[in-house]
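Opening the notebook on a new model. I want the fold, the packing and the cysteines, in that order.

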Amino acid sequence: MSEIVLFACSVVVSGLLLFSSIYFIVMMADLECDYINPIDLCKSLNKYALTDMAVQCVLFLLFVVCSSWIAALIQLPLFVFHCSRILKKNYLFDPTEIFRTLSAYKRVYAVKAVFHVFCFFYFLYRMVAAIAATHPLANKA
């Protein structure tokens, strides 16, 4: 039963992280089209940047604690990426540098969005597989 809860929570969290990545991409596109100024963009994205990283790191640590090694291995590259950004203190958006680094940020968040789509469907598969494994008719074959 714990595996079902673990992957059900992971599906929800992965969906929220996917939404967050898409939100970041849309806000950066608004900056490119001059719908928002750099100061407002950085102010709104900096509110969520550290939270986004913290949620991803907690999800990784949850998989490690629950001994779900394949899911933890899938989450490992993004965990390492976030840890390196936090240790380098490179996780906040700077309004004076945003135009110079905008294409790199958009690429990072596009890759993160694709990663979260993959994780969402993997976690959904694992949740359904865990539910099917606990069903009483699954063992009567």
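My entries follow, from the whole chain down to single residues.

**Ground rules.** I am working with a predicted model, where local features need pLDDT of at least 70, side-chain atom pairs count only at pLDDT 80 or more, and totals for chains, interfaces and linings use all residues. Residues are numbered from 1 along each chain as its sequence is written, and side-chain values use heavy atoms, with hydrogens and water left out.

**Fold.** I looked up the secondary structure and got four helices and zero strands, taken as DSSP runs numbered from the N terminus (helices: H or I, at least four residues; strands: E, at least two). From the N terminus the order reads α-α-α-α. The C-alpha trace spans about 65 × 30 × 20 Å along its principal axes.

**Contacts and surface.** For contacts I use heavy atoms within 4.5 Å. Of the contacts with a separation of 6 or more, 76% come from residues 24 or more positions apart. The chain has 141 residues, and 38% of them count as buried; buried is under 20% relative accessible area, exposed is over 50%, and partly exposed lies in between (1.4 Å probe, protein chains only). About 8,500 Å² is exposed, with carbon and sulfur atoms supplying 72% of that; the areas are Shrake-Rupley with a 1.4 Å probe, and for residues only the protein chains shown count as cover.

**Charges.** I put the mean positions of the 11 positive and 8 negative charges 10 Å apart. Lys and Arg are the positives, Asp and Glu the negatives, with His and the chain ends not counted; the charge sits at NZ of Lys, CZ of Arg, CG of Asp or CD of Glu.

**Cores.** Which residues touch the most other members of the largest nonpolar core? They are Phe7, Phe63, Ala71 and Phe123, out of 17 residues in that core. Helix 1 (2–32), helix 2 (38–65), helix 3 (69–87) and helix 4 (98–134) each supply at least two of its residues. There is also a second, separate core of 14 residues, with Leu31, Cys42, Ile98 and Tyr109 among them. A core here is a set of buried Ala, Val, Leu, Ile, Met, Phe, Trp, Tyr and Cys residues joined through side-chain atoms within 4.5 Å. For background, nonpolar side chains in soluble globular proteins tend to be buried together.

**Phe123.** I find Phe123 in helix 4, buried at a relative accessible area of 0%. Beyond four places in sequence, Phe123 contacts Phe7, Ser10, Val11, Ser14, Leu59, Phe63, Ala71 and Gln75. Phe123 and Ser14 are 109 residues apart in sequence, yet 8.3 Å apart C-alpha to C-alpha.

**Ser10.** I checked this partner next: Ser10 lies in helix 1 and is buried at 1% relative accessibility. Ser10 contacts Leu59, Phe63 and Phe123, leaving aside neighbours within four places.

**Phe115.** Phe115 is in helix 4 too, and counts as buried at 18%. Outside four places in sequence, Phe115 contacts Gln56, Ile74, Gln75 and Leu78. The C-alpha atoms of Phe115 and Ser20 are separated by 12 Å, with their positions 95 residues apart along the chain.

**Cysteines.** How many disulfides does the structure hold? Zero, with a disulfide being a pair of cysteine sulfur atoms within 2.5 Å. For Cys33 the nearest cysteine sulfur is that of Cys42, 16 Å away. Cys33 is partly exposed at 47%, whereas Cys42 is buried at 1%.
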